[in-house]
Amino acid sequence: MISRKKGWSAVLAVSMATGFPSMASQAADYPAKPIKLIVPFAPGGSNDMVARIVSPKLSEVLGTPVIIENKAGAGGAVGAAYAAQSPNDGYTVLMHSTTVTMQPWLMKNPGYDLLKDFDPVSRMTSTPFTLVVSSPTGVGNYKELADYAKKSKKPLFFGSAGTGSSPHLVGEYFKSQSSIDMQHVPYKGNGPMMVALMANEIQVGFDTIHSSKPMAESGRIKILAVTSLKRNDNIPDVPTLDESGLPGFDVGVWQGVFMPKGADPAKIDKVQKAIAAALRDPEVAQKLNASGFDVIASSSAEFAERIQADMKVWSKVIKDIGYQPE
């Protein structure tokens with residue numbers, strides 16, 4: 001029986017080896033009309049930000065307008081379900097985030113099946129979380145946090161924007177990898193969580209760079225590490241967890257593009273190459289980096305592998321904490 005991972009990889013390999021010449025002729029006139037880029041979140045979020053930075057250059061490379069449509073709701077599930085039901089003619093593409101690899105275990109019926117309903121095109125960008133602590137702890141790095149936790153007579157409290165949120169799951173994954181004894185405290189949003197951290201009601205949290213950086217600069221919190229394998233240019237003096245003592249720790253929020261299942265491989269290839277070209281543009285890259293995003297521009301096969309790896313991690317984390325899908 002062929003696994004889903006091998007299924008995606010096999011389709012891509014066969015298409016590259018045998019299908020692209022004929023497919024390319026079929027897609028020679030593609031795109032011949034505007035492409036809808038479905039962003040399943042409200043304007044102003046990270047997915048929307050990436051889409052609006054990249055889409056003008058992507059339109060230029062493809063020679064046709066790339067029109068952003070925000071279809072928010074249910075943590076991105078509404079927009080994903082809409083895209084899944086769209087024609088697989090290459091004129092509707094979905095730009096989703098890491099959330100899409102968590103939803104199968106967070107929702108009883110998200111309205112779509114990532115592996116069955118979509119073909120991966122490219123992982124575009126990624127941004128890490130920051131591991132932050134309250135200033136009164138006096139902790140300055142990951143090893144000091146581990147020592148602080150060992151000396152504590154009770155578990156440390158770590159906060160998040162809510163049960164099942166990305167910061168919550170990252171915190172649970174960190175807990176399992178570091179063996180630091182922590183107890184989750186959910187809040188109604190990231191803002192209240194950060195207020196609690198500054199007040200030392202909780203000691204640990206995971207946040208975005210843009211939210212945590214100004215608070216750290218003012219001394220209200222301390223950033224100990226980023227959760228990616230490489231340092232972020234916006235906070236270059238902050239080490240990674242990988243170099244701090246947790247080898248291979250690599251989680252964050254990525255943004256990637258999908259097409260409805262069964263799309264012409266030549267069209268997938270054309271859009272993937274156009275995305276890579278758009279992301280290589282110095283102005284686009286500078287805007288993304290300044291906003292805290294690392295440029296990825298992966299191949300379709302590389303993106304498929306990352307999705308499989310993330311689904312393996314998050315399925316275990318969600319099951320281990322006993323989360324009941326809603």
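The largest pocket of this predicted model is lined by 33 residues, and those that lie nearest its centre are Ser46, Ser97, Thr99, Ser166 and Val253. Its volume comes to about 730 Å³. Sorted by class, the lining of the largest pocket holds 14 nonpolar and 18 polar residues, together with one charged residue. Several elements contribute to this lining: α2, α4 (103–106), β4, α7 (166–178), β8 (204–207), α9 (209–217) and β10 each supply at least two residues. The largest share, three residues, comes from α2.

Some of these elements belong to sheets, and the sheets are a useful next step for finding one's way. One open sheet is formed by six strands in the order β2-β1-β3-β10-β4-β11, and its pairing is mixed. At its edges stand β2 (66–70) and β11 (294–295), each of which pairs on one side only. Within this sheet, strand β1 (residues 35–39) and strand β3 (residues 92–97) run parallel and are joined by three bridges; Lys36, for instance, has Thr92 in β3 as its bridge partner.

Helix α2 (residues 46–62), already met in the lining of the largest pocket, packs on this six-stranded sheet, where it touches β1, β2, β3, β4 (118–128) and β10 (252–260), and its direction makes about 160 degrees with that of β2. Another helix, α11 (residues 265–280), lies across β4, β10 and β11, and runs at about 20 degrees to β4.

With these elements in place, the reader can turn to enclosed space. Rolling a probe the size of a water molecule over the atoms shows where empty space is left. How many cavities of 30 Å³ or more does a search of the whole structure find? The search finds one, and about 100 Å³ of space lies in this largest cavity. The cavity is lined by 14 residues, of which Leu37, Leu58, Val66, Val93 and Val257 are the closest to its centre. The elements that give two or more residues to its lining are β1, α2, β3 and α11, and the largest share, five residues, comes from α2. Helix α2 therefore gives the largest share of the lining both in the largest pocket and in the largest cavity. By class, the lining of the largest cavity has 13 nonpolar residues and one polar residue, and no charged residues.

A further open sheet has five strands in the order β7-β6-β8-β5-β9, and here too the pairing is mixed. Its edge strands are β7 (182–186) and β9 (221–226), each pairing on one side only, and the twist from one strand to the next averages 30 degrees. Strand β6 (residues 156–160) is joined to β7 by five bridges, and these two strands run parallel; along them, Phe157 stands opposite Gln183 in β7.

Helices also accompany this five-stranded sheet. Helix α8 (residues 190–198) lies across β5 (130–134), β6, β8 and β9, running at about 140 degrees to β8. Helix α9 packs on the sheet as well, touching β5, β8 and β9, with a direction that makes about 135 degrees with that of β9. Both α9 and β8 are among the elements that each supply at least two residues to the lining of the largest pocket.

The second largest pocket has a volume of about 190 Å³. Which residues line the second largest pocket? They are Glu172, Tyr173, Ser176, Gln177, Lys312, Val313, Lys316, Val317, Asp320 and Ile321. The elements that give two or more residues to this lining are α7 and α13 (300–320), and α13 gives the largest share, five residues. By class, the lining divides into four nonpolar, two polar and four charged residues.

The last feature to follow concerns aromatic rings. A pair of aromatic rings is described by the distance of the centres and the angle of the planes. The count for this structure comes to ten aromatic pairs. In one of them, the rings of Tyr30 and Tyr91 have their centres 5.3 Å apart and their planes at 70 degrees, so the pair is edge-to-face, given that planes over 60 degrees apart count as such. Tyr30 lies in the loop between α1 (4–26) and β1, while Tyr91 lies in the loop between α3 (77–84) and β3, so the pair ties together parts that are 61 residues apart in sequence.

Note on methods
Residues numbered from 1 in each chain as written. Predicted model: local features only at pLDDT ≥ 70, side-chain atom pairs only at ≥ 80, totals over all residues. Heavy atoms only, no water. Pairing = 2+ DSSP bridges. Helix = DSSP H or I, 4+ residues; strand = E, 2+ residues; numbered from the N terminus. Contact = heavy atoms within 4.5 Å. Axes fitted to C-alpha atoms, helices over the stretch in contact; angles between N-to-C directions. 1 Å grid on protein atoms, 1.4 Å probe; cavity = no way out; pocket = protein on both sides within 12 Å on 5 of 7 lines; lining within 4 Å. Points joined across faces, edges and corners; volume = space filled by probe spheres on them. Nonpolar A, V, L, I, M, F, W, Y, C, P; charged D, E, K, R; others polar. Phe/Tyr/Trp six-rings, centres within 6.5 Å; stacked < 30°, edge-to-face > 60°.
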